[in-house]
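Welcome! Here is a short guided tour for anyone meeting this structure for the first time. Please keep the sequence and the 3D view open as you read.

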Amino acid sequence: MIKPIIAANWKMHKTVAESVDFSQRLAKECEDLDEREVIIAPPATALYAVSQTLKGSTVRLSAQNMHWEEKGAFTGELSAPMLADIGCHYVLIGHSERRTLFGETNETVNKKLRAALHFGLKPIVCVGETLKEHESEATFEVIKKQVNEGLNNISTGDIECVSIAYEPVWAIGTGKTATPELAEEVHRFIREMLSSGFGESVGTEIAVIYGGSVTPHNIGELMAKPTINGALVGGASLDLESFTGIIRY
Ligand code: PGA
């Protein structure tokens, strides 16, 4: 049984003080909630302060991005060991905004994934098709390429630390959610790929979570689908009441 993951991606929102205040209140909300893996991904400026705030809590900390090199002349970047050093457990890799706005490719996703695993971070690898790809019925082809190339050369031992987030780009921040049926179909497809690439058990043990306009209102029907193991939440994770509504679906 995969523990459901509910992850907040705050993107470029919240000051340090706002992030700390939210995390304190969230940690309290989650005190009695062993049956969920709750994760927050604040902006990089707040990671250290939030990490201190979450000490002793069950809420896990994630970075939103990282560089694949350990150190060096990469102005503006943060490495996996730096993130691990300040208490990050997870890192988002290949979010569609990183792919479309900052030129990330399946190849850079793969490099980041391997570096994250090497330094003990648990990667949440984001995949998803654009509206154009969706409308031209290329969804499965795009997902296949993103999963195959993104997860290239990952060992069976390492893959167990990876989660996949299926986030149709046309559903992110738009208020349009994929129907639970469509999301389930893509999730099943991803699982089948994992099973055939890494072995039957991997396909059933890895968390595949859904992202794209998840709210307290639609989380229940998404989570009712057996192949959906959680949610990556943007807009609706910025407000504590709304985010806890999602956690307690
Ligand atoms: P959204 O964002 O919930 O605001 O659609 C999801 C994401 O980008 O991870």
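## An enclosed helix, α12

In helix α12, the buried residues are Leu240, Ser242, Phe243, Thr244, Ile246 and Ile247. That is 6 of the 8 residues of α12 (residues 240-247), so the helix is largely enclosed by the rest of the structure. Please bear in mind that this is a predicted model.

What covers these buried residues? The cover of α12 includes β1, α1, β2 (37-41), α11 (219-223) and β8. Two of the strands in that cover, β1 and β8, turn up again in the next section.

## The barrel and its strands

Now look at the sheet. Its 8 strands form a closed barrel in the order β1-β2-β3-β4-β5-β6-β7-β8, and the pairing is parallel. On average, neighbouring strands of this sheet are turned by 25 degrees against each other, direction ignored. Strands of a sheet pair through backbone hydrogen bonds, which can be parallel or antiparallel in arrangement.

Strand β8 (residues 230-233) is a good place to pause. It pairs with β1 in the parallel sense over 4 bridges, and Ala7 has Leu232 of β8 as its bridge partner. Strand β7 (residues 208-211) also pairs with β8 in the parallel sense, over 2 bridges. There, Gly211 stands opposite Leu232. Which way do the residues of β8 point? Gly230 and Leu232 point one way, Ala231 and Val233 point the other way, and all of them are buried. In a regular strand, side chains alternate between the two faces of the sheet.

Elsewhere in the barrel, strand β4 (residues 90-93) runs parallel to strand β5 (residues 122-127), and the two pair over 4 bridges. Within this pair, Val91 stands opposite Pro123 of β5.

## A buried serine in β6

Strand β6 (residues 163-166) contains Ser163. Is Ser163 buried or exposed? With a relative accessibility of 6%, Ser163 counts as buried, because the cut-off for that class is under 20%. Setting aside residues up to four places away in sequence, Ser163 touches Ile5, Pro123, Ile124, Val125, Ile206 and Ala207. One of these, Pro123, is the residue of β5 that stands opposite Val91.

## Helix α7 and its two partners

Helix α7 (139-150) packs against two helices described here, α5 and α9. Take α5 (residues 106-118) to begin with: α5 and α7 pack at an angle of about 40 degrees, and their axes are 8 Å apart. That angle makes α5 oblique to α7, and the crossing is right-handed. On the α5 side, Asn106, Val109, Asn110 and Leu113 take part, meeting Lys145, Gln146, Glu149 and Gly150 in α7. Sorted by class, this contact has 2 nonpolar, 4 polar and 2 charged residues.

Now turn to α9 (residues 180-198), which packs against α7 at an angle of about 40 degrees, with the axes 11 Å apart. These helices are therefore oblique to each other, and α7 passes α9 in a right-handed crossing. Here Thr139, Phe140, Ile143, Lys144, Val147 and Asn148 of α7 meet Glu185, Val186, Phe189, Ile190 and Met193 of α9. By class, the contact of α7 with α9 has 7 nonpolar, 2 polar and 2 charged residues.

## Loop residues to look for

Where does Glu137 lie? Glu137 is placed in the loop between α6 (131-135) and α7. Its phi is positive, about 55 degrees, although Glu137 is not a glycine. Glu137 has a relative accessible area of 72%, so it counts as exposed, the cut-off being over 50%. Lys11 also has a positive phi, of about 50 degrees, without being a glycine. You can find Lys11 in the loop between β1 (5-9) and α1 (16-29).

One more stop is Gly87, in the loop between α3 (80-85) and β4. Its relative accessibility is 27%, so Gly87 counts as partly exposed. Leaving aside neighbours within four places in sequence, Gly87 is in contact with Ser51 and Leu61. Gly87 and Ile124 are 37 residues apart along the chain, and their C-alpha atoms are separated by 16 Å. You have met Ile124 already, among the residues that Ser163 touches.

Terms used. Residues numbered from 1 in each chain as written. Predicted model: local features only at pLDDT ≥ 70, side-chain atom pairs only at ≥ 80, totals over all residues. Heavy atoms only, no water. Buried < 20%, exposed > 50% of the residue type's maximum accessible area, 1.4 Å probe, protein only. Pairing = 2+ DSSP bridges. Axes fitted to C-alpha atoms, helices over the stretch in contact; angles between N-to-C directions. Parallel < 35°, antiparallel > 145°, perpendicular 65-115°, else oblique. Left-handed = near helix turned anticlockwise from the far one by under 90°. Contact = heavy atoms within 4.5 Å. Nonpolar A, V, L, I, M, F, W, Y, C, P; charged D, E, K, R; others polar.
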